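Let's take a walk through a protein together, one stop at a time. Have the sequence and the 3D view ready, and find each residue as we come to it.

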Amino acid sequence: MGVVDYTLAKRAILREARRGMLSLPDLCDAHPELMRAAKHVGEETARWCPVCEQNRLRLLAYVYADDLKRDNGRVWALDEALALAASRRNGTCYVVEVCTGCAWNHLSEAFVARSAG
């Protein structure tokens with residue numbers, strides 16, 4: 001699978017916030033459905049939230065593929081999502097990090113299937 005890492009974009013956003021160019025509501029704007037999914041389905045990481053530094057980040061994995069139909073955009077367990085995306089035509093797994101405390105959210109990585117059987 002091809003990987004797109006959004007770490008540089010994350011650093012740029014956090015740098016702008018530290019310089020006062022972005023406000024807390026600009027950074028911490030997770031949709032209520034995203035917050036609910038993070039709380040109930042998200043996998044906790046060892047990394048602390050870069051904004052509030054009081055909660056561990058949670059990861060959510062969303063999978064999109066040509067033949068998923070109703071399951072397109074559904075939240076999956078991370079390992080299951082990667083396997084599913086790799087096995088589907090035009091499969092893509094988007095991993096989002098979320099802080100359930102301050103509502104920080106950021107697209108962390110995207111995994112794109114190069115070819116599927």
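Before we set off, here is one idea to carry along: a residue is called buried when its relative accessible area is under 20%, exposed when that area is over 50%, and partly exposed in between. Asp67 makes a good trial case: its relative accessibility is 39%, so Asp67 counts as partly exposed. Please also keep in mind that this is a predicted model.

Asp67 has a partner. Which residue forms a salt bridge with Asp67? The partner is Arg88, and the closest N and O atoms of the two are 3.2 Å apart. This pair links distant parts of the chain, since Arg88 sits in the loop between α4 and β5 while Asp67 sits in the loop between β3 and β4, 21 residues apart. With a relative accessibility of 24%, Arg88 is partly exposed too. As for what lets such partners meet, side chains of opposite charge can pair when their charged atoms come close.

Now look at the residues next in number. Arg89 forms a salt bridge with Asp66, and here the closest N and O atoms are 3.2 Å apart. Again the pair links distant parts of the chain: Arg89 belongs to the loop between α4 (78-87) and β5, Asp66 to the loop between β3 (56-64) and β4 (74-76), and their positions lie 23 residues apart in the count. Is Arg89 buried or exposed? Its relative accessible area is 57%, so Arg89 is exposed. Asp66, at 43%, counts as partly exposed.

While you are in the loop between α4 and β5, stop at Asn90, which has its place there. Its phi is near 55°, a positive value in a residue other than glycine. That deserves a second look because most residues other than glycine have a negative phi. Glu53 is another case, with a phi near 55°. You will find Glu53 in the loop between β2 (43-48) and β3, where its relative accessibility of 59% makes it exposed.

Let's return to charges that pair. How many salt bridges does the structure hold? There are seven. One of them joins the side chains of Glu97 and Lys10, with 2.8 Å from N to O. Glu97 lies in strand β5 and Lys10 in helix α1, so this pair ties together parts that are 87 residues apart in sequence. Both Glu97 and Lys10 are buried. A further residue joins in: Lys10, Arg47 and Glu97 are linked in a network of salt bridges.

Some charges gather in another way. On the surface, Arg11, Arg15, Arg18 and Arg19 form a patch of positive charge. Look for Arg19 in the loop between α1 (7-18) and α2 (24-27). With a relative accessible area of 60%, Arg19 is exposed.

Next, follow the chain into strand β5, which covers residues 92-98 and includes Thr92. Thr92 has a relative accessible area of 11%, so it is buried. What does Thr92 touch, once residues up to four places away in sequence are set aside? Its contacts are Tyr62, Val63, Tyr64, Ala85, Phe111 and Val112.

Over in strand β3 we meet Leu60. At 1% relative accessibility, Leu60 counts as buried. Leaving out neighbours within four places in sequence, Leu60 is in contact with a list of residues that includes Leu34, Ala37, Val41, Val75, Tyr94 and Val96. For a sense of distance, the C-alpha atoms of Leu60 and Ala103 are separated by 14 Å, and the two residues are 43 apart along the chain.

Ala103 brings us to our final stop, Cys28, because Cys28 touches Ala103 along with Val51, Cys102 and Trp104, not counting residues up to four places away in sequence, and its relative accessibility of 15% makes it buried. Cys28 is found in the loop between α2 and α3 (32-40). Compare that with Glu44: Cys28 and Glu44 are 16 residues apart in sequence, and their C-alpha atoms are 18 Å apart in space.

Methods:
Residues numbered from 1 in each chain as written. Predicted model: local features only at pLDDT ≥ 70, side-chain atom pairs only at ≥ 80, totals over all residues. Heavy atoms only, no water. Patch = residues over 30% accessible without salt bridge, like charges linked within 9 Å, V, L, I, M, F, W, Y side chains within 5 Å. Areas by Shrake-Rupley, 256 points an atom, 1.4 Å probe, with all protein chains shown as cover. Salt bridge = Lys/Arg side-chain N within 4 Å of Asp/Glu carboxyl O. Lys, Arg positive; Asp, Glu negative; His and termini not counted. Charge placed at Lys NZ, Arg CZ, Asp CG, Glu CD. Helix = DSSP H or I, 4+ residues; strand = E, 2+ residues; numbered from the N terminus. Buried < 20%, exposed > 50% of the residue type's maximum accessible area, 1.4 Å probe, protein only. Contact = heavy atoms within 4.5 Å.
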